[in-house]
Amino acid sequence: MKTLDTTRFGGEIAGHKATERTATVEITADMFKKNKNFDVAILGGGPAGYTAAERAAQGGLSVVLFEKNALGGVCLNEGCIPTKTLLYSAKLYQQALNGAKYGINNGNTTFDYAKIAARKTKVVRKLVAGIKARMSEQGVTVINQEAKLNKTDAAYFELNAGEESFHARNLIICTGSETTIPPIPGIEQLSYWTSREALAAKEIPESILIIGGGVIGMEFAALYNSFGSEVTVVEALPEILGNTDNEAAAFLREEYAKRGVKFHLNSLVTAFTDQGVEIKTGEETQTLTSEKILLSIGRRPRWEGMGLEQLGLESSGRGIRVNEYMQTSFPHVYACGDVTGYSLLAHTAVREAETAVHHLLGENDAMSYEAVPSIVYTQPEIASVGATEAALTAEGREYKVLKLSMNYSGRFVAENEGGNGFCKLLASPDGLLLGTHIVGSPASEFIVAAGMAIDRKIPIREWRKTIFPHPTVAEILKECISI
């Protein structure tokens, strides 16, 4: 049983009429959903959406989730999971090619990209099915259509999906983001890929020009380079990977340059022509050609065309402005994930969704972005959390650097013949960890330890007392904090 305030639905729920505006009735979730009335309606079934749905249902709320495509959103279907599946195959292929370094006779090593792509699809389907099962187990009503907000008043939000109407007391917007297509002159003259088309491909192109050297661009550069494509990256900024630690970004670029990837930094794409892609570097203009072109300059929040305009939500850049509880400027409306435009990362979206639902349930919680990890799944990986040197310098904050080569880790040396990298910790004068930046696989698997130290403000002198298992690559953190 759950006691629900009927006044949010004009005093009537599932056939029960309230005699006074303050009256409540006791009804079951099934009774409540019979008239398509819900405590929470969630727009979008990506990491933010399905997390919010699961947490809200676990908290005893009735939930309807709208997703016009597959559950899992861009991350699961067209982003995080498929790219990492392909990159793992690329990693195994490269390890096989270099097996002689480890005393393994590799023989005639080849790859079948069609089978690699098929496995990627199988992995995605398996995980999508898992999310469907979780929604079913929690009693979440999933509607496989896009919902549009029809109207709202003091009592409820009315949403239309197909021929049906749904009512909800609260609305959580988790509509994600979409690929940014720049207004490049002549862009319609040449065919190009976005990440969607690249992930759907069944063959590796002989050559590919990647426009944008951010995380997505560099992960695809790593993938195609590993399988033998001629890769060129065009980046408008002085360095790849944008807000990543400058030293880490330069290390990765130099590593892939050794492997044959060509980089054009400080270069703007000025036009698409019949001859190819025209770029300008300083005063020099040149035309680049390749079999495929991949546009990878970022993503933008998506929330237009769903009737949300009538709410008059305040925006921040292109995203929806929220407070620390993920509340928007309109009562009973929350926004989580890429749609806020703040941190377009799946794990951030998950934490934002938890925060929103906790607030909805009356729990004491607030969102913090101080320790959000960021990973680049290249080989080597880059894992970062907290502040960069550039940010601290810009803010005028004092800090000291604790830095070691990854070769101080016995496990790293054992598994990375001839490889290198570094672990860099940024600490405040009073011994608190401000930022951590690691170049070297598998940094993604233990960066969370540094994130916890930052988030919980654990003094380095206390963190030193933690016992790290030996031998592990994670021990590099122990070595750094012991300097």
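In this predicted model, G139 adopts a positive phi of about 75 degrees at a position just after helix α5. The helix that precedes this glycine comprises residues 113-137, and its 25 residues should span 36 Å at 1.5 Å a residue, a value with which the distance of 36 Å between its end C-alpha atoms agrees. At the opposite, N-terminal end, α5 is capped by D112, a side-chain oxygen of which lies 3.2 Å from the backbone nitrogen of A114. Along α5, the buried residues include Y113, I116, A117 and K120, and V124, V128, I131 and M135 are buried as well. In general, residues three or four places apart in an α-helix point the same way, because there are 3.6 residues a turn.

Burial is also found in strand β15, which covers residues 267-273; because 5 of its 7 residues are buried, this strand is largely enclosed by the rest of the structure. Strand β15 runs antiparallel to strand β16 (residues 276-281), to which it is joined by 6 bridges, and the connection between the two strands is a hairpin of 2 residues. Within this pair, V269 is placed opposite I279 of β16.

A further buried position is provided by E219, which belongs to helix α7, formed by residues 215-226. The relative accessible area of E219 is 7%, so this residue counts as buried under the 20% cut-off. When neighbours within four places in sequence are left aside, E219 is in contact with T83, K84 and L87, and also with I375, V376, Y377 and T378.

Conventions: Residues are numbered from 1 along each chain as its sequence is written. This is a predicted model: local features need pLDDT of at least 70, side-chain atom pairs count only at pLDDT 80 or more; totals for chains, interfaces and linings use all residues. Side-chain values use heavy atoms; hydrogens and water are left out. Helices (H or I, at least four residues) and strands (E, at least two) are DSSP runs, numbered from the N terminus. Buried means under 20% relative accessible area, exposed over 50%, partly exposed in between (1.4 Å probe, protein chains only). Contact means heavy atoms within 4.5 Å. Two strands pair if DSSP finds at least two bridges between them. The expected span of a helix is 1.5 Å times one less than its number of residues. A polar contact is a pair of N or O atoms within 3.5 Å; within protein, one must be able to donate a hydrogen and the other to accept it, and residues adjacent in sequence count only if both atoms are side-chain atoms.
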